[in-house]
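Here are my notes on the model you asked about, as a set of numbered points. Keep the structure open beside you and look up each residue as you go.

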Amino acid sequence: MGAYDFITSGSAQDVENAFLGAKEEAAWEFGHRGYTGTIAEKSDFVVVADTPMSPAAAEQYAQHLLESDDARIRDKWGPAGAIPVDDGTWLFVGYASS
């Protein structure tokens with residue numbers, strides 16, 4: 001099996017609920033059978049930035065994490081990266097099994 005990279009957002013009052021919401025939305029959009037290559041395959045996340053960023057800066061940072069093969073997010077079975085966005089949302093980035 002392979003892996004796809006993803007960048008997706010979630011909104012909630014806290015990162016845990018934003019993560020769960022993003023997973024649920026991806027599962028409904030791409031299926032519940034597994035190997036979707038989306039955040040739906042993730043069971044955990046790690047916060048990879050401490051300071052909230054603008055939406056554009058968060059997207060740019062997420063692309064940088066993918067392009068640099070950042071060890072915190074590179075494992076398709078490991079956690080997704082979570083980036084706080086200054087509009088109260090979270091951007092999630094990583095690789096997922098496909």
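1. Let's begin at a turn. β3 and β4 make a hairpin with four residues between the strands, and in it glycine 88 takes a positive phi near 90 degrees. Keep in mind throughout that this is a predicted model.

2. Now look at how the two arms of that hairpin line up. β3 and β4 run antiparallel to each other and are joined by four bridges. If you want one pair to click on, take isoleucine 83, whose bridge partner in β4 is leucine 91.

3. Is β3 mostly enclosed or mostly open? Count its residues: five of the five are buried, so the strand is largely enclosed by the rest of the structure. The side chains go both ways, with Ala80, Ala82 and Pro84 pointing to one side and Gly81 and Ile83 to the other, and all of them are buried.

4. β3 has another partner too. Strand β2 (residues 45-47) runs parallel to β3, with three bridges between them. Here valine 46 sits opposite glycine 81 of β3. To get from β2 to β3, the chain passes through helix α2 (residues 55-67), and this β-α-β crossover is right-handed.

5. Back to β4, which is mostly covered, since eight of its nine residues are buried. Strand β1 (residues 3-11) pairs with β4 in the antiparallel sense, over nine bridges. One place to see this is glycine 10, which stands opposite tryptophan 90 in β4.

6. Leucine 91 deserves a closer look. This residue belongs to strand β4, and its relative accessible area is 9%, so leucine 91 counts as buried. What does leucine 91 touch, if you skip residues up to four places away in sequence? The contacts are Ile7, Thr8, Ser9, Ala58, Glu59, Ala62, Gly81, Ala82, Ile83 and Val85. For one of these, alanine 62, you can check the backbone as well: the C-alpha atoms of leucine 91 and alanine 62 are 7.9 Å apart, although the two are 29 residues apart along the chain.

7. Next, the nonpolar interior. The largest nonpolar core has 15 residues, and the ones with the most contacts inside it are Phe6, Val15, Phe19, Ile39, Ala82, Trp90 and Phe92. Two or more residues come from each of α1 (15-30), β3 (80-84) and β4. α1 is the biggest giver, with six residues. Another core lies apart from this one; it has 13 residues, including Val48, Val85, Val93 and Tyr95.

8. Try isoleucine 39 as a way into the largest core, where it is among the residues with the most contacts. Leaving out neighbours within four places in sequence, isoleucine 39 is in contact with Phe6, Thr8, Phe19, Ala22, Lys23, Ala26 and Phe92.

9. How many aromatic pairs does a search of the whole structure find? It finds four. One of them is phenylalanine 19 with phenylalanine 45, a tilted pair at 5.1 Å centre to centre and with 50 degrees between the planes. Phenylalanine 19 is in helix α1 and phenylalanine 45 in strand β2, so this pair ties together parts that are 26 residues apart in sequence. Phenylalanine 19 has a relative accessible area of 4%, so it is buried. Phenylalanine 45 has 16%, and that makes it buried as well, because the cut-off for buried is under 20%.

10. Phenylalanine 45 also pairs with phenylalanine 92, this time edge-to-face, at 6.4 Å centre to centre and 70 degrees between the planes. This pair links distant parts of the chain, from strand β2 to strand β4, 47 residues apart. Both phenylalanine 45 and phenylalanine 92 are buried. Put the two pairs together and you have one aromatic cluster of Phe19, Phe45 and Phe92.

11. Last, a small polar detail. Serine 98 is in the segment after β4 (89-97). Is serine 98 buried or exposed? Its relative accessibility is 19%, so serine 98 counts as buried, since the limit is under 20%. Its side chain reaches the backbone nitrogen of alanine 3, at 3.3 Å.

How values were computed:
Residues are numbered from 1 along each chain as its sequence is written. This is a predicted model: local features need pLDDT of at least 70, side-chain atom pairs count only at pLDDT 80 or more; totals for chains, interfaces and linings use all residues. Side-chain values use heavy atoms; hydrogens and water are left out. Buried means under 20% relative accessible area, exposed over 50%, partly exposed in between (1.4 Å probe, protein chains only). A polar contact is a pair of N or O atoms within 3.5 Å; within protein, one must be able to donate a hydrogen and the other to accept it, and residues adjacent in sequence count only if both atoms are side-chain atoms. A nonpolar core is a set of buried Ala, Val, Leu, Ile, Met, Phe, Trp, Tyr and Cys residues joined through side-chain atoms within 4.5 Å. Contact means heavy atoms within 4.5 Å. Two strands pair if DSSP finds at least two bridges between them. A crossover is right-handed if, with the strands pointing away from the viewer, the path from the first strand over the helix to the second runs clockwise. Rings of Phe, Tyr and Trp (its six-membered ring) pair if their centres lie within 6.5 Å; planes under 30 degrees apart count as stacked, over 60 as edge-to-face and the rest as tilted.
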